[in-house]
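Let us take a walk through this structure together, starting from one pair of side chains and then stepping back to see the whole chain.

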Amino acid sequence: VQLQAFGGGLVQPGGFLRLSCAASGSIFSIYDMGWYRQAPGSQRELVATITSGGMTNYAGSVKGRFAISRDSAKNTVYLQMNSLMPEDTAVYYCRITAAPALGVTTRDFWGKGTLVTVSS
């Protein structure tokens, strides 16, 4: 299973970006999908998650500004980020919990990350 994230870049405070992450390879079923971020000198933290049923969960710092969604037919998860602030600057990672094949135990898979820089 491979994850490829797109959409990072440089944006001014108050701006917006949309991240996407597509999963490919041997995938039988995807359960939870999510986004995490790691700022310089900090630990990786949860940004948002979404279940296979569409239930979402957000970190308090992004609630009301970010929106996570998924297209299960495309094995893709999205993160719409609005009203971006300098403290949102980080490398953003996508994660899926998936079963690679029928009868194989589910596990987490991580993408390589995409850099988001919020600066004027």
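A good place to begin is the salt bridge in which the side chains of aspartate 88 and arginine 37 meet, at 3.0 Å from N to O. A salt bridge here is a side-chain nitrogen of Lys or Arg within 4 Å of a carboxyl oxygen of Asp or Glu. This pair links distant parts of the chain: aspartate 88 sits in the loop between strand 8 (76-81) and strand 9 (90-99), arginine 37 belongs to strand 4 (residues 29-38), and the two are 51 residues apart. Both aspartate 88 and arginine 37 are buried, where buried means under 20% relative accessible area, exposed over 50%, and partly exposed in between (1.4 Å probe, protein chains only).

Before going on, please keep in mind that this is a predicted model, in which local features need pLDDT of at least 70, side-chain atom pairs count only at pLDDT 80 or more, and totals for chains, interfaces and linings use all residues. Residues are numbered from 1 along each chain as its sequence is written, and side-chain values use heavy atoms, leaving out hydrogens and water.

Arginine 37 has another partner: its side chain also meets that of glutamate 45 in a salt bridge (2.7 Å, N to O). Arginine 37 has a relative accessible area of 6%, while glutamate 45 is partly exposed at 36%. Arg37, Glu45, Arg65 and Asp88 are linked in a network of salt bridges.

Elsewhere, aspartate 108 forms a salt bridge with arginine 95, with the closest N and O atoms 3.9 Å apart. Aspartate 108 lies in strand 10 (residues 107-110) and arginine 95 in strand 9, so this pair ties together parts that are 13 residues apart in sequence. Aspartate 108 is partly exposed, with a relative accessible area of 37%, whereas arginine 95 is buried, at 6%. A search of the whole structure finds 4 salt bridges.

Now for the wider view. The protein chain has 0 helices and 11 strands, counting DSSP runs numbered from the N terminus (helices H or I, at least four residues; strands E, at least two). Its radius of gyration is 14 Å, close to the 14 Å that the globule rule gives for 120 residues, so the chain is as compact as a globular protein of that length. That radius is taken over C-alpha atoms, and the rule is 2.2 Å times the number of residues to the power 0.38. Of the 120 residues, 39% count as buried.
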